[in-house]
Amino acid sequence: MLTWLVRRLIQALFVVLAMTVIVFIGVHIIGNPVDILISPEADQAERARIIANLGLDQPLWRQYLVFLNGALHGDLGRSFVFNEPALKLIAGRMPATMELAVTAVLMSVVIGVPLGLYAGLKPNGLLGRTIMAGSILGFSLPTFWVGLMLIMVFAVQLGWLPSTGRGQTAALFGVQWSFLTWDGLRHMAMPALNLSLFNISLVLRLTRAGVRETLPMDFIKFARAKGLSPARVIFVHVLKNIMIPVVTVVGLELGSTIAFAVVTESVFAWPGMGKLIIDSINVLDRPVIVAYLMMIVLLFITINLLVDILYTMLDPRVRLETKG
Amino acid sequence: MSAAITPPAPATPHPREETPFRRFVSEFAESKLALLGLGVFVLIALAAIFAPWITPQNPYDLAQLDIMDGRLPPGSVSGAGYTYLLGTDDQGRDMFSGMLYGLRISLLVGVGSALFAAVVGTTLGLLAAFFGRRIDTVIMRLVDLQLSFPSILVALMILAGLGKGVMNVVLALVIVEWAYYARTVRATAMVERRREYIEAAQCLALPWRRIMFHHLLPNCLPPLIVIATQQVARAIALEATLSFLGLGVPITEPSLGLLIANGYQYMLSGKYWISFYPGIALLVTIISINLVGDQLRDVLNPRLTR
Amino acid sequence: MNATIEVRNLRTHFFTRAGVLKAVDDVSFSVARGQVLGLVGESGSGKSVTGFSIIGLVDPPGRVVGGSILYQGRDLAKLSEREMRSLRGDRIAMIFQDPMMTLNPVLRVDTQMIEAIQAHAKVSRAEARTRSRDALGMVGIPSPEERLESYPHQFSGGMRQRVAIAIALLHNPDLLIADEPTTALDVTIQAQILAEVQKLAADYGTALIWITHDLSVIAGLADRIAVMYAGRIVEFGEAASVLDSPVHPYTNGLIGSVPSRNKRGERLRQIPGMTPSLLTLPPGCAFRTRCARADATCEQEPPEGTVSPDHVARCFHPMIAVPA
């Protein structure tokens, strides 16, 4: 188990390193940083001074090493717009995104698993078919459009829910959270639902497929032959088997959910790091873009690692293999 | 000489002759929903292609616009006596005309990027399957890396570097999509490669390019078609999303996504039509493609043979 | 006769899209307390479906459409699902063919045993656990206390089947249906399991229905043998009588295809052809397409002929003369 963990950690480290190269190349080479960083009004001498100041006259590999060194010390440059360390800026916006993404992922399980269970148990019923048709919509509708429709119906037409912002927040561990206040929850309802729509469809389909696959198994028939109640057969014997792939996928989806929060945050003006990155791209605030990308990559790799460990703990069969 | 050997054409062709293509068509037609999807998509595509001849107004010809007609609700009559079926946007553009022109951009970007990505991904997938070993490892590692990051993130990264523009969006979408094709084609080609006919072709010492594209490729077509259909829908949705975020196509060539974004600010004040109708057009397009794609998957997937 | 279970004219049909599949078609037999009935037939002959019909676990599109299943005088086919469930695993138990598939892979053995006890007896968890441990010990599992904490995949196939048997016998059932429980096991383990089940059944006076395709397995086990072909019992009688002087050509063929010592050097005979599809069953005797003795009369439905007071067969051309 330990050697396996160490090996996974080293692997993860290499991926992070590879991503720093890609991000560096992506941002420093494709777009010309000189054009971005220096105002067009600056004269020749001014230009040369700034270029030297930023180290842009150095060879590429040196620039990369400087960048890497900074990254290791938690220094990814200062935002041009906010004149604050980029990393600090991102970190400040992170809780808003995290609570939105985690809520969305939890919602996908709370809504997706029961629906999928039902659709799996009654695949030919009207409701079962409707659920499946709905999941196709959840997969194919663009998130931003669904968000707009939510606003149009629940904020503009019905006036039930607020359409923008985080609402009132309360502090916990020195961080402001929306989920701690009623007003915050009301603000979070639509964005979270919007963000979770894709995941709901995914979890729903996964659960349904799992039910269809598990039900004809001998061990289910044997459980019924023991005289167990249908509830016990479904909620213990079937569900426990399905939860392994569902938890794995949901865990892995947390990363993409955080990434896709970019869209939802823009629609609902949710002040998270997704909205920040879009704003930063629009004004070409390069250090913030780099900081965001590095942060996301790190997040992804951490999540993948955690899911791997969780998966190993959940499935007794895998657990044994890694021991042996 | 050959004319003498050719048997005379039968007077009445057998109408029920079972060719693979005919079987495919009849199996596809089993789903009424898929036929509906196909019909709707063809209609949409025609409307987009012939937009300049259908629309009452060229929305980008400033001479035809009247700023006084800005943000009129659907059904309003213009100063020139023309009825704005779906209302107007803040520039006084007819939404119906704007929508069809936007549809053109959306379809162009969606289909174009899917085609490019198909070419790139298929070639790399075939190379990986055909040569194996190191080439396979390198290509598949790239595919894994690409697929482990969400499409929106990759596209954001590229557009952050390149800036707005129709071609930039297409490029970003190609980079996002190629891996799906490569993975699918490689998986199919790996199976086909071990079949006797490939071995026979190799025994004949045919050049590898010929084996790859004339022998291997045609057999990879069914899954390729399925993936391509799905990817067109995905590309259209992603392009709309990027344009909505202001990172996609420029304001001079607005796609449906950008039209929706333009109307967004007016939606809160109840002027829903500026965003709503382009949204519906986007929706119908994506759903119709997906309906076709789902049925194609069921018909072309050999594992699901009923 | 004081039968534990008496099946009369049982018909179980499967309503598939391709047509009605008569998996069990007019089957009658009875098993008395402490007796062993061998139910023999090729795969697809309906022997397993007969077992599932008795325990009430025929899944759609299948349904018991006729006949009665009398358990101590009560007709199981008329019981509600709830009443049936209280019998299942308590008075009537079943073990399955593949021990690798009978136990739920993600639940510990103690969980799967305790739930079986608590489904029918109001006892504490601790007591259920003690009883589970004793049951494991009884079927010959070493150090049962520790094994309770194991997952199924940590057992060998034979051990898993012992666990399944222990679970089936937890409540000392009146009837045990064993659906080819030794087919998937090694020959040596087969013999052990066979002997153990026989002993346990004899100790508690459990009536045993042993389903198998292998005549040699039940030769020394069964008191009576029923041979099934295409959903019907073609021959039924005392084990010795059926094995020593088979009357139906099919039974004769089955016996001929079993290798044995006193036929050394002889060619193994086999029954030509394949089991007919139940969807396209020819009228009359279902075996006639593969039968050397078949003629035009066989297109009629063969009546049940009595060979001796306890030996009947359905054939127009029996291997020995049926006394009129």
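Modeller: A salt bridge is a side-chain nitrogen of Lys or Arg within 4 Å of a carboxyl oxygen of Asp or Glu. This is a predicted model in which local features need pLDDT of at least 70 and side-chain atom pairs count only at pLDDT 80 or more, while totals for chains, interfaces and linings use all residues. Residues are numbered from 1 along each chain as written, chains are lettered from A and ligands numbered from 1 in the order written, and side-chain values use heavy atoms, with hydrogens and water left out.

Colleague: Why is the pair R162(C) and E196(C) called a salt bridge?

Modeller: The closest N and O atoms of R162(C) and E196(C) are 3.2 Å apart, which satisfies the stated limit, so the pair is called a salt bridge. Across the interface of domain 1 and domain 2 of chain C, the rule finds 1 salt bridge.

Colleague: What makes these two parts of chain C separate domains, and where do they lie?

Modeller: The bounds come from an automatic or database domain assignment, which gives domain 1 as 3–91 + 171–314 and domain 2 as 101–170 of chain C. The C-alpha centres of the two domains of chain C lie 29 Å apart. Their contact (heavy atoms within 4.5 Å) takes 18 residues from domain 1 and 15 residues from domain 2 of chain C.

Colleague: How many residue pairs are in polar contact between these domains of chain C, and which helices supply the side of domain 1?

Modeller: A polar contact needs a pair of N or O atoms within 3.5 Å, and within protein one must be able to donate a hydrogen and the other to accept it, while residues adjacent in sequence count only if both atoms are side-chain atoms; between domain 1 and domain 2 of chain C the rule finds 8 such residue pairs, both residues at pLDDT 80 or more. Helices (DSSP runs of H or I, at least four residues, numbered from the N terminus) α2 (81–87) and α8 (187–204) of chain C each supply at least two residues of the side of domain 1 that touches domain 2, and α8(C) gives the most, with 7 residues.

Colleague: What makes up the area buried between chain B and chain A?

Modeller: Buried area is the accessible area (1.4 Å probe) that two parts lose on being put together, summed over both; for chain B and chain A it is about 3100 Å², of which carbon and sulfur atoms give 85%. Across this interface of chain B and chain A the rule finds 0 salt bridges.
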